[in-house]
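User: Could you walk me through reading a structure like this one? I would like the general idea each time, then the case at hand.

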Amino acid sequence: MKIQDIFQETYSSLSANKARSGLTILGIVIGIGSVIAMISIGQGASGQITSSIEGLGSNLLTVMPGFIQPGRGIVSSGRGSAQTLMNEDIEVLRQIAGTAYVSPELQRRFQIVASGNNTNSTVIGVEPDYAEVRNIALADGSFITEAQIRSMGRVVVLGPTVALDLFGEGNDPIGKTIRINRVNFKVIGVLQAKGSAGFFNPDDTVFVPLTTMQKILAGAEFLSTIAISVESKDLMPQVQEEATFALAEKHHVDPQSPDFSIISQADILGTLTQVTDTFTIFLAAVAGISLIVGGIGIMNMMLTTVTERTREIGLRKSIGAKKKDISMQFLTEAVMLTFLGGVMGVILGWILAVLVSQFAGIATQVSLQSVILAFGVSAAIGIIFGYYPARRAASLNPIEALRYE
Amino acid sequence: MIECKNISKVYKSGEIETHALKNASFKINDGEFVAIMGPSGSGKSTLMHIIGCLDTPTSGQYLLDDKDVSQLTDDELADIRMQKIGFVFQSFNLLPRATVLRNVTLPLVYAGVSREERENKAKEALRGSAFPEDFWNHYSNQLSGGMMQRVAIARALVNNPTLVLADEPTGNLDTKTGEMVLDTFQRLHQEQGRTIVLITHEPYVAEHAERVINIRDGNIVEDGKVKNRRIINNHNHNEK
């Protein structure tokens, strides 16, 4: 039997039962469509997280006080209360080969007042390197300079959200005075909007010189974070290790259980992609169940078809059809159903992904792999769920099949 | 040419053995029109299945065109059926959603014949079974019983088989259309010299053949020429 003849048989038998074929295909369409849509949502989320983590700064190592157990993730209790990072540590870290910039930071929340408006925001004491390390750019004015650090200048750089909250739209805050914790500060710059990066929103932050923060606002000598920008990605593990040993020596603690932790961006990214991957797999698995249900629908329809057409199978056998011809005919029918369902499912899933990102604001990403995967899975479902009915048809005894009522 | 030598068929269901055929031996030459007659349960269906290569005998030899086909596998039997045997069934067994032409071409599809040649052969076979040309593109379920059976006859002839095997071909038809079908067989026999084996339980139908093999309880009880043969129309070679 030639291929075009098999296709003609398939076409005529599928079109003879349009409603039944259509409903069976619908099962596969929903299955494939939801798998595509769910994977696109998962991959969109993971893409968004990756880009926002990378937006925090490239090749970044973050030194934090307190010890984080490896494998327990980045959440640790009492981290903020630990006061083990000191200004002297900065020089130790700057001497390590491969570090490009070192940015010490001290972070607190304070009440900020300006021209009658009131906001509670994160205030970070920083040095000029902060702008390089954290990839921030100014919309207006200038960033904190070395001279202002030395002179403990009462100057402030505002995040765009804070600027908007305090001064309203259209008003230039540069040169105005704000009060942080009842101390007057002069606004010297406003940052460009960057968007939230997961746990931390740089737009809703104000920056003051580190010395001013330590001496005047917080009254503390310690640091909450030291961010290290490494020259290249390849050097990161080496710098991380050297920094651990150097700081442990400086703090007189065992490097195996130090009183600080160094987290690389890759660790954060790794943890988060693990989360989003699990999330994607979970979504795909839920959608996959509907695909299996669709496959069972195919099998059900094929078994009904085989039973219905028992006499026809008997006739075909009596005029010379071999087992292979019969099984190919029914298998082609099943694969054709899943293939059509697969094509329509990919289109449906794509439309769903676009709609989700349009109306729900969730980033989605339809990848070629997920489309290929969907086609592969739908073809496999056709073969797996079509095989048994096809084999049953092929193994019918022609005499009994011809007598079947 | 068909030759059966001591053919027996035993069906086993559990402990019980049913002897459907007991040492049947006979020979049918090319160009013969034979009726195999017997009441239900006589073993005539079993004999038809063996002659039609749908089944193999438990013992004995069945030679079709001098080839022993009694011990072949299912797929080998399918090949023999495709090349040498044309079936006509009591209930027609046409594909309902296919045109007359497509029904007739179906055996050639499995034989791997090209589309164009299939059409030509099918048209030839339809003309041979006197099927009116106006209906060639009708769906088979739009036809009357007699018309359907002639489509089935054309389908049986399309591969130019050694043997046309008709199983109760008039069983679902009234007397008049039944006679039309029997007339078609007689004409094919006389004009084209086809070998036809007709399986029936009605003596009236069997009398349209040249020779009758009478079977009862698995034994051939009578084998001989029909005495008062019924001829519907005289299809003499010289007339047409």
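Analyst: Happy to: we will go through chain A, one of its helices, the contact between the chains, and a sheet. Keep in mind that this is a predicted model.

User: Let's begin with chain A. How many helices and strands are there in chain A?

Analyst: Chain A holds 13 helices and ten strands. A useful next step is to compare the radius of gyration with a rule for globules. For the 405 residues of chain A that rule gives 22 Å, and the radius of gyration is 33 Å, well over it, so chain A is more spread out than a compact globule. Along the principal axes, the C-alpha atoms of chain A fill a box of roughly 105 × 55 × 30 Å.

User: What share of the residues of chain A count as buried?

Analyst: The share is 40% of the 405 residues. You can also look at contacts along the sequence: in chain A, among those between residues at least 6 apart, 82% join residues at least 24 apart.

User: Now a single helix. Which residues of α7 in chain A are buried?

Analyst: Helix α7 of chain A covers residues 210–218, and L210(A), T212(A), M213(A) and L217(A) are buried there. To see how they are arranged, look down the axis: the buried residues of α7(A) fall within an arc of 150 degrees, so they line one face of the helix.

User: What do the buried residues of α7(A) pack against?

Analyst: Their partners in chain A include the strands β2 (99–114), β3 (117–126) and β7 (183–191), as well as α5 (146–150). Just after α7(A) comes G219(A), with a positive phi of about 65 degrees.

User: How many residues of chain B are in contact with chain A?

Analyst: There are 21 from chain B, in contact with 19 residues of chain A. On the chain B side, α2 (74–84) and α3 (100–111) each supply at least two residues. The most comes from α2(B), with six residues. By character, this side of chain B divides into twelve nonpolar, three polar and six charged residues.

User: And how do I read a sheet?

Analyst: Strands of a sheet pair through backbone hydrogen bonds, either parallel or antiparallel. In chain B, an open sheet of six strands runs in the order β6-β7-β8-β3-β9-β10, with mixed pairing. Its edge strands, β6 (85–88) and β10 (219–225) of chain B, each pair on one side only. From one strand to the next, the twist averages 15 degrees.

User: In what sense do β6(B) and β7 of chain B pair?

Analyst: They pair in the parallel sense over four bridges, with β7 of chain B spanning residues 163–167. For a specific pair, take G86(B), whose bridge partner in β7(B) is V164(B).

Notes: Residues numbered from 1 in each chain as written. Chains lettered and ligands numbered in written order. Predicted model: local features only at pLDDT ≥ 70, side-chain atom pairs only at ≥ 80, totals over all residues. Rg over C-alpha atoms; globule rule 2.2 N^0.38 Å. Buried ≥ 20, exposed ≤ 12 C-beta atoms within 10 Å, placed from the backbone. Contact = placed C-beta atoms within 7 Å. Arc of directions from axis to C-beta. Nonpolar A, V, L, I, M, F, W, Y, C, P; charged D, E, K, R; others polar. Pairing = 2+ DSSP bridges. Axes fitted to C-alpha atoms, helices over the stretch in contact; angles between N-to-C directions.
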